[in-house]
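User: I'm in my first year and would like a close look at one part of this model. Could you take me through a helix and what surrounds it, step by step?

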Amino acid sequence: MQNYFSLFQLPQQFAIDLKQLETSYRGIQSASHPDRFVSAAPAERLQSMQLATTANEAYATLKTPARRACYLLSLHDINALNESNTAMSMDFLMQQMEWREALDDAKQAKNINQLEALAKLLQSEAKSLQAELTDQLDEKKDLSAATDITRKLIFIDKVITDIHQAIEQIE
Amino acid sequence: MAYSDKVLDHYENPRNVGSLDKNDPQVGTGMVGAPACGDVMKLMIKVNDDGIIEDAKFKTYGCGSAIASSSLVTEWLKGRTIDEAYAIKNSEIAEELALPPVKIHCSVLAEDAIKAAVADIKAKQSAKVEA
C-alpha cells in the first residue's frame, strides 16, 4: 500500500531527510504538472491532477514534525488528536498555562523582545521534543510515549504560532 | 461561525476567573488540555466538611466556547455536592450554551476538568483520613 512516505521514497520513520523530501516532491510536481497533460486523455489528465493534489497534502504533512508524528501514529491506528482524551501530564499543563500567561503579559506590554525570547524558549522545547520523538518512534517504538510527546509538541507549536501572530500585530 | 448569546455573555463577562489556594486541603484542582486546539483549562473547587462546593474558580486559555463552558460550570458547581458535580454531563453544558457540533469538545473539556478536580479533592480527603 502506498502512503506518504513511500510516495516520496522515504523510509517510514520520524527522522527524515528534508532535502530528499523536497527533491522528491518537486519531482512529482513537475512530472504531474498540468502543462504536460494538455493533449493527454481526460483519464490521464485526471490521474495526474490527483497525484499532484496528493503530493501537496503529503508534502505539507511530512514537512511539519508534529503533523509527521501524527501521520506516523495514524498509520498505527492511533489518533493523537482524539478530542475525548483530555488527560495530560499536570506538570506539562501547568507549564503550558505559564507560557500562555507570559505570552499575554508580553502582548499587553507590546514587548517584542519578551515575545521573541519566549518564542526562542519554546522553539528549543520543540526541538528537544522532536529528539524524543525520534527516539520513541524510530528506536524504542513506544507508541504510547510517542503519542504523549506528539500531543505536547502540538500544544507548543500552537503557542509559537500565537506568539508570532502577536509579534506581527505589534509590528 | 456565530456564537450563541450565552457563549458571548460568558466570554465577555466570565464568572469566577482566578485561582484558589492549591495547598488548601479543602481545595481540589483539575487540569485538562485539548491539543487539537491548544486549549488548557484549570478548574479549582473549595469543598467544605459537608462535601458541598463553596467556591469555584477557573482559568482557561482557548476559544470562546471553552471559556464559556468553564465559566458556566463554575456557576453550576457552587452549592452542589461533589457527587452532584461529578454527575454533570458535557451534553448539559453544550445544551445550555447551544454549542455547535464542532465545539462540543469544549464542553467535554469542562466535564473532564470537573471530574479531575473532584478526583483531586477525594484523593486529598482520603490522604487526610489515613494520616
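Analyst: Happy to! One definition helps before we begin: a residue is called buried when its relative accessible area is under 20%, exposed when it is over 50%, and partly exposed in between. Please also keep in mind that this is a predicted model.

Let's start just ahead of our helix. A:Q9 sits in the loop that runs between helix 1 and helix 2 of chain A. Its relative accessibility is 61%, so A:Q9 counts as exposed. The C-alpha atom of A:Q9 is separated by 35 Å from that of A:I163, a residue 154 places away along the chain.

Now to helix 2 of chain A itself, which covers residues 18-31. At its start, a side-chain oxygen of A:D17 comes to within 3.0 Å of the backbone nitrogen of A:K19. How does the length of this helix compare with what 14 residues should span? At 1.5 Å a residue they should span 20 Å, and the end C-alpha atoms are 20 Å apart, so the two values agree.

Next, look at which residues face inwards. The buried residues of helix 2 of chain A are A:L21, A:S24, A:Y25 and A:I28. Because they cover an arc of only 100° around the axis, these residues lie on the same side of helix 2 of chain A. On the other side of this helix, A:K19 and A:T23 are exposed. What covers the buried residues? Helix 1 and helix 3 of chain A are included in that cover.

We can now step back to the wider setting. The largest nonpolar core has 50 residues. Those with the most contacts inside this core include A:F8, A:L62, A:L122 and A:I163, so here we meet A:I163 again. Helix 2 of chain A is among the elements that give two or more residues to the core, and so are helix 1 (4-7), helix 3 (42-63) and helix 4 (65-74) of chain A. Helix 7 of chain A gives the most, with 11 residues.

How does this core relate to the domains? The assignment for chain A gives domain 1 (4-63) and domain 2 (90-170). Both of these domains give residues to the core, so the core lies between them. The C-alpha centres of domain 1 and domain 2 of chain A lie 30 Å apart.

One more residue shows what packing in this core looks like. A:L137 is another of the residues with the most contacts inside the core. Leaving aside neighbours within four places in sequence, A:L137 is in contact with A:F14, A:A69, A:L72, A:L73, A:L143 and A:A146. Apart from this core lies another one, of 32 residues, among them B:I88, B:I93, B:L99 and B:V118.

For contrast with A:Q9, finish with two residues of chain B. B:N16 is in the loop between helix 1 (5-12) and strand 1 (27-34) of chain B. With 17% relative accessibility, B:N16 counts as buried, and its side chain makes a polar contact of 2.9 Å with that of B:K78. B:S4 is found in the segment before helix 1 of chain B. At 18% relative accessibility, B:S4 also counts as buried. A polar atom of its side chain lies 2.6 Å from the backbone oxygen of B:L97.

Technical notes:
Residues are numbered from 1 along each chain as its sequence is written. Chains are lettered from A and ligands numbered from 1 in the order in which they are written. This is a predicted model: local features need pLDDT of at least 70, side-chain atom pairs count only at pLDDT 80 or more; totals for chains, interfaces and linings use all residues. Side-chain values use heavy atoms; hydrogens and water are left out. Helices (H or I, at least four residues) and strands (E, at least two) are DSSP runs, numbered from the N terminus. Buried means under 20% relative accessible area, exposed over 50%, partly exposed in between (1.4 Å probe, protein chains only). A polar contact is a pair of N or O atoms within 3.5 Å; within protein, one must be able to donate a hydrogen and the other to accept it, and residues adjacent in sequence count only if both atoms are side-chain atoms. A nonpolar core is a set of buried Ala, Val, Leu, Ile, Met, Phe, Trp, Tyr and Cys residues joined through side-chain atoms within 4.5 Å. Domain bounds come from an automatic or database domain assignment. Contact means heavy atoms within 4.5 Å. The expected span of a helix is 1.5 Å times one less than its number of residues. The arc is that of the directions from the helix axis to the C-beta atoms.
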